[in-house]
Amino acid sequence: MFITFEGGEGTGKSTQVKLLAARLQAEGREVITTREPGGTAEAEALRNLLVSGDVGRWTADEEMLLNFAARGSHLRQLIVPALQAGKTVICDRFVDSTYVYQCLAGGARRQLLSELSITIIAGHMPDITFVLDIDPEIAMARAKSRNDGQSGASRADRFERKGLAFHQRVRAGFLDVARQHPKRCHVIDANGTVEEIASRIWAKLDG
Ligand code: TMP
């Protein structure tokens, strides 16, 4: 089974990825957790190029190409072999992030995304996607306090610095994705404690 988590910055995705993996492992499933952009050495190198530097470093089209290059490496080397071996793959972000960040919020052409998806994703779409939803003002404050605890290069990344209006478009974009794919996507209220959010997710998976 291929599970993805989506949502803006500071929605708590990475914590929920870990909790869900632990819960599924406790049930005896073999689970791998991974993230995008990233998951392989090549994709992590591309991630560094994407998340660091000036906000204007890449156009939305360039971001899309880099994300798909990373995704191709990730699918080929990690995700597809794990799924074929019967493992559950839980991935923090996938192609819905490209649609929302680069197309809806960034202005890149949807046609370009469709073409790249046919070639690179080749049908390996998630079975279930959890869209963690929270007001970007609250989420950005969470992301900021996380960054404040870190040093130098890992502080406020390129995307976090794009501003509130951009992140409001991102939130609306993910809700739009969930409306377009109601079978695959579950919108999860990301307000509340870590445990409350985890049990909302579990209820959808269990139900
Ligand atoms: P993260 O903060 O959730 O780890 O994700 C890194 C950043 O990359 C985040 O700001 C969203 C952005 N991103 C895109 O813009 N397009 C994509 O396709 C992916 C996977 C991530």
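Colleague: Happy to look at this with you! How many residues surround the ligand?

Modeller: Keep in mind that this is a predicted model. The closest residues to the ligand are Arg 47, Arg 93, Thr 98, Gln 102 and Phe 159. Sorted by character, the shell divides into three nonpolar, four polar and six charged residues. The number of residues surrounding the ligand is 13.

Colleague: Thanks! How much of the ligand's accessible area does the protein cover?

Modeller: Let's start with the polar side chains. Arg 47 has a side-chain N or O atom 2.7 Å from an oxygen atom of the ligand, and a polar side-chain atom of Asn 67 is 3.3 Å from a ligand nitrogen. For Thr 98, a polar side-chain atom lies 2.5 Å from an oxygen atom of the ligand. On its own the ligand has 470 Å² of accessible area, and the share covered by the protein is 93%.

Colleague: Which helix gives the most to the shell around the ligand?

Modeller: Two helices, helix 3 (60-84) and helix 4 (95-105), each supply at least two residues of that shell. With four residues, the one that gives the most is helix 4.

Colleague: Are helix 3 and helix 4 roughly parallel or antiparallel to each other?

Modeller: Their axes are 10 Å apart, and the packing angle is about 170°. The contact includes Asn 67 and Phe 68 of helix 3 and Thr 98 and Gln 102 of helix 4. Angles over 145 degrees count as roughly antiparallel, so helix 3 and helix 4 are roughly antiparallel.

Definitions and conventions:
Residues are numbered from 1 along each chain as its sequence is written. This is a predicted model: local features need pLDDT of at least 70, side-chain atom pairs count only at pLDDT 80 or more; totals for chains, interfaces and linings use all residues. Side-chain values use heavy atoms; hydrogens and water are left out. A residue is near a molecule or strand if one of its heavy atoms lies within 4 Å of it. A polar contact is a pair of N or O atoms within 3.5 Å; within protein, one must be able to donate a hydrogen and the other to accept it, and residues adjacent in sequence count only if both atoms are side-chain atoms. Accessible areas come from the Shrake-Rupley method with a 1.4 Å probe; for residues, only the protein chains shown count as cover. Ala, Val, Leu, Ile, Met, Phe, Trp, Tyr, Cys and Pro count as nonpolar, Asp, Glu, Lys and Arg as charged, and the others, Gly among them, as polar. Axes are lines fitted to C-alpha atoms, for helices over the stretch in contact, and angles run from 0 to 180 degrees between N-to-C directions. Angles under 35 degrees count as roughly parallel, over 145 as roughly antiparallel, 65 to 115 as roughly perpendicular and the rest as oblique. Contact means heavy atoms within 4.5 Å.
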